[in-house]
Amino acid sequence: MKPGRKLGPRHLHDYELVYFPKSTRTLYTSADVTYAFDGPFALVTRPGETHNYLFDPAAPTRHLFVHFDLETDWIRSRYPKLLLEGAAPVSVADGSLIPQLMKQLLYSFHHRPPRWQPTAEMLLLTVMEEMESTLAPGSGNRDPEMMPPQITNALQYIEAHANETIEVDQLAKMAGWSHEHFTRTFQRHVGHSPKEWMTKRRIGLAAQLLLQRPDSIKQIARAAGFADEYYFHRLFRRMTGMTATEYRRKYGDPRLREMAPPDDWGRFYPLNHIFVLRSADEE
């Protein structure tokens, strides 16, 4: 949309899902409440709901949108907050699936690969599932505080050098901050002190090596940066609830030895964990 463009007041005969991929000074008004999009946002307007947009007065506004109908009461009952008239827009946080799902939706509509219609339906429902969960009580539908690049760089450095001795002063100097400011900021964003996080990652590396190498426990401890084998044993048991030998026996699988270790520090899941998904009837 061109800068300063107005759209509405209007009401639609179907549902509309709109995604704003970046911060914009666009204003959206629904149910007499006005929202400013000071970050990535997604929203749904409902049939007959009066709303309007006042787009960013200084820059063009990029947004993606999809119109759809809901034909079953089951779907409406599944998203009671999202489909409520006047529901607030949803802040799209880091790690959200919405950006890629919206792009994939538009790709499916344009190229129409085999089974594109049921695929598009599932993509749309997945977007709505995330939005509904964000609107749930206690979810905190707000922009999370962005992690400073200095902390991101420190995490990357720790991951790349987990088996080495790293001093907090060294990380603070790399960030260009004082020791106190670096430690305080790291704790706020990561939830652990720098020393705690470095220890956690070294134990995580040891756990990974236990499953991927046939080496002795002593060799594994040294490969993870522990010069004192007895200290490693105590620390490993305290942090995992079992000895290194028990851990290897419980989770070891010869197939894991054929796998290359991951190098993506920013993965969204912990290593060496098994997740079991049960239906609601089994809870």
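In the predicted model, the largest nonpolar core comprises 27 residues, and the members with the most contacts inside it are L17, L82, L83, I98, M102, M128 and M131. At least two residues of this core are supplied by each of β2, β5 (41–45), β7 (64–68), α2 (98–111) and α3 (116–135), with α3 providing the largest share, namely eight residues. When residues up to four places away in sequence are not counted, M128 touches F68, L70, Y79, L82 and L83, of which L82 and L83 are themselves listed with the most contacts inside the core. A second, separate core is made up of 19 residues and includes A162, I217, F236 and M242.

Three of the elements that contribute to the largest core, β2, β5 and β7, belong to an open sheet of four strands, arranged in the order β7-β2-β5-β8 with antiparallel pairing. The edges of this sheet are occupied by β7 and β8 (90–91), and because each of them has a single partner strand, one side of each remains without a neighbour in the sheet. Helix α2 packs on the sheet through contacts with β2, β5 and β7, and its direction makes about 65° with that of β7.

Within this sheet, β2 and β5 run antiparallel and are joined by five bridges, F20 standing opposite F41 in β5. On the β8 side, β5 pairs with β8 over two bridges, again in the antiparallel sense; F41 has S91 as its bridge partner in β8, whereas the partner of A42 in that strand is V90. Five of the five residues of β5 are buried, so the strand is largely enclosed by the rest of the structure. The side chains are divided between two directions, with F41, L43 and T45 pointing one way from β5 and A42 and V44 pointing the other way, and burial applies to all of these residues.

A further open sheet is formed by four strands in the order β1-β6-β3-β4, for which the pairing is likewise antiparallel. Here β1 (6–10) and β4 (33–36) stand at the edges, and since each has a single partner strand, one side of each is left without a neighbour in the sheet. The twist from one strand to the next averages 15°. The connection between β1 and strand β6 (residues 51–54) consists of three bridges in an antiparallel arrangement, and R10 has H51 as its bridge partner in β6.

The loop between β1 and β2 (15–20) contains H13, which is classed as exposed because its relative accessible area is 76%. Contacts of H13 are nevertheless found with P47 and D69, residues up to four places away in sequence not being counted. The C-alpha atoms of H13 and F68 are 9.8 Å apart in space, although the two residues are 55 residues apart in sequence.

Among the helices, the axes of α6 (residues 179–190) and α7 (residues 194–212) come within 9 Å and cross at roughly 55°, an angle that makes α6 oblique to α7. The contact involves F182, T183, F186, Q187 and V190 from α6, together with P194, E196 and W197 from α7. By residue class, the contact of α6 with α7 divides into five nonpolar, two polar and one charged.

Conventions:
Residues numbered from 1 in each chain as written. Predicted model: local features only at pLDDT ≥ 70, side-chain atom pairs only at ≥ 80, totals over all residues. Heavy atoms only, no water. Axes fitted to C-alpha atoms, helices over the stretch in contact; angles between N-to-C directions. Parallel < 35°, antiparallel > 145°, perpendicular 65-115°, else oblique. Contact = heavy atoms within 4.5 Å. Nonpolar A, V, L, I, M, F, W, Y, C, P; charged D, E, K, R; others polar. Pairing = 2+ DSSP bridges. Buried < 20%, exposed > 50% of the residue type's maximum accessible area, 1.4 Å probe, protein only. Core = buried A, V, L, I, M, F, W, Y, C linked by side-chain atoms within 4.5 Å.
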